[in-house]
Structure formats: structure tokens, C-alpha cells
Amino acid sequence: MTDPADADPAEADSADAGAAEAGAAEAEPPQHRRRRALIETAITIVVAVLLLGLLRTFAFEVFNIPSGSMTPTLGIGDRILVQKAFFSWHDVREGNVVVFSHPPLDDCPGPEKSDLVKRVIALPGQTIYSSGNSIYINGRLLAEPYLPRYDLLVPPIASSQDPYRVPAGEFYVLGDNRAYSCDSRYWGPIKGTSIVGKVVLLWWHDGHPDFRTFW
């Protein structure tokens, strides 16, 4: 058997300190413990809210679709997730669905100064024109599998004899619901710097959850 006198003084001091802490915890009034728990919970909630705010501001943001200009791809009341972080308008490609700030030349009916969502049809420097319901980019027919079977392109876009060239740093955008969309045909191309982000996910469609990715 080990003589208590032979015990390591450091171990004894550690045991005494642990006993003292345990005694202090037991001695702390219940109301103090509850107050400390409430403070810790409040701090946790504040930190979580701040992180969500940063995520919303700099990474992703949820948007609600207010009109039918992107039907059938996006309907009224649909909710989309828009990528804002690690995004540059220089990376925008033909066919991307983007959210952008309200064009200054837009005088179409609808909410003023609200962000809009449309599909990118032509990139900076490309030419665009339409013939009937078909669109041609740099003289080639644009494949548009996302459109409804019968899509009425009214008004038309330029002509084959005089195609429209998209200015540098700007994008020609259209709604998928061509007959009812106010878009670049009315107020011209949008500046790349006005693009808020790219739609990456549809998560609510036609009144129920419906997950669909966009690339």
C-alpha cells in the first residue's frame, strides 16, 4: 500500500483544485446557473444569425418569382437559390439564368426597382437576330430545349440583314415566356456589372417542393 506521504505533490494539488472547482459549481446559486445558460444561448443565437446574414449577403440568396415571364421554367411564387459568392459576370455563359438589378431604361408595367430574373441569350460581342420564332447567334440557330413547344417570339429581334451586336461588357437576356416577357427586346442588353448572381437551384415550384439544379 502507498503511503499518503509518498503521493506526488502535483497530483495532490490538482485533486485539491478539482475538488475546489466542483465545490464552487455546487455552491453557485441556481439562478446564476440559469442566467449563465441564457447568456450562452443568446450568444449562440446571435452568432448563428450573423453567420446566416453573411451567408445571405455574400454567398447565396433566396428569391421569389413575382411574374410569369420565365414560365414554364419558373412560375409565379416559385423560389430560387442564387449564387453570389465565387461568382463573376465574366463567367456567365449562354443559357444561364441570372438575377440582375432593374434596368434603367425599363418602363414596362410591374414593380419598380426590383431585381429581375431572365435567361442569357447572347454574350458580349455576339450578334443576334430572329427569324419567325427562331433565334440566331453569330449566324447559327440557337437550340432552346427549355422553351414550351410553341413559343411566340413577339416582338422580333433585329434581322438577318442587320443583326444586333451586343456591346462589350453587356448581355442580351430574354424571358422563357417570350410572348409575355419584358426583356432586352424592350430595354436593351444589361450590363455585366448589374448581375447579382446566377440561379443554381429551384427548390419550390408550383406550390410544392421541387428541386431542380441550373448550371
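The numbered points below describe a predicted model and take up its disulfide, one of its strands, a serine in that strand, and several salt bridges.

1. The disulfide is a convenient place to begin. A search of the whole structure finds one such bond, and it joins cysteine 108 to cysteine 182, with the two sulfur atoms 1.7 Å apart. The two cysteines come from distant parts of the chain, since cysteine 108 sits in the loop between strand 3 (97-100) and strand 4 (116-122), whereas cysteine 182 sits in the loop between strand 9 (170-174) and helix 3 (184-187), and 74 residues separate them. The torsion about the S-S bond is about 50°, and the disulfide is therefore right-handed.

2. Strand 5, which covers residues 127-131, deserves a careful look. Four of its five residues are buried, so the strand is largely enclosed by the rest of the structure. Strand 5 pairs with strand 6 (residues 134-137) in the antiparallel sense, over four bridges, and two bridges join strand 5 to strand 8 (residues 164-165), again in an antiparallel arrangement.

3. Isoleucine 128 can serve as a marker for both pairings. Towards strand 6, isoleucine 128 stands opposite isoleucine 137, while in strand 8 its bridge partner is tyrosine 164.

4. The connection from strand 5 to strand 6 is a hairpin with two residues between the strands, and glycine 132, which lies in the turn, has a positive phi of about 65°.

5. Serine 130 is also found in strand 5. Is this residue buried or exposed? Its relative accessibility is 8%, and because buried means under 20%, serine 130 counts as buried. A polar atom of the serine 130 side chain lies 2.7 Å from the backbone nitrogen of isoleucine 157. When residues up to four places away in sequence are not counted, serine 130 touches Ile135, Leu153, Pro156, Ile157 and Ala158, and isoleucine 157 thus appears both in this list and in the polar contact just described.

6. Side chains of opposite charge can pair when their charged atoms come close. In this model the count comes to seven salt bridges, and one of them is formed by aspartate 176 and arginine 119, whose closest N and O atoms are 2.8 Å apart. Aspartate 176 lies in the loop between strand 9 and helix 3, and arginine 119 in strand 4, so the pair ties together parts of the chain that are 57 residues apart in sequence. Both aspartate 176 and arginine 119 are buried.

7. Another salt bridge brings together the side chains of glutamate 144 and arginine 178, at 2.6 Å from N to O. This pair, too, links distant parts of the chain, with glutamate 144 in the loop between strand 7 (140-141) and strand 8, and arginine 178, 34 residues away, in the loop between strand 9 and helix 3. Glutamate 144 is buried, with a relative accessible area of 14%, and arginine 178 also counts as buried, at 0% relative accessibility.

8. How exposed are the partners in the salt bridge between aspartate 210 and arginine 212? The closest N and O atoms of this pair are 3.5 Å apart. Aspartate 210 counts as partly exposed, at 22% relative accessibility, and arginine 212 is likewise partly exposed, with a relative accessible area of 32%.

Technical notes
Residues numbered from 1 in each chain as written. Predicted model: local features only at pLDDT ≥ 70, side-chain atom pairs only at ≥ 80, totals over all residues. Heavy atoms only, no water. Disulfide = S-S within 2.5 Å. Buried < 20%, exposed > 50% of the residue type's maximum accessible area, 1.4 Å probe, protein only. Pairing = 2+ DSSP bridges. Polar contact = N/O pair within 3.5 Å; in protein donor to acceptor, adjacent residues only side chain to side chain. Contact = heavy atoms within 4.5 Å. Salt bridge = Lys/Arg side-chain N within 4 Å of Asp/Glu carboxyl O.
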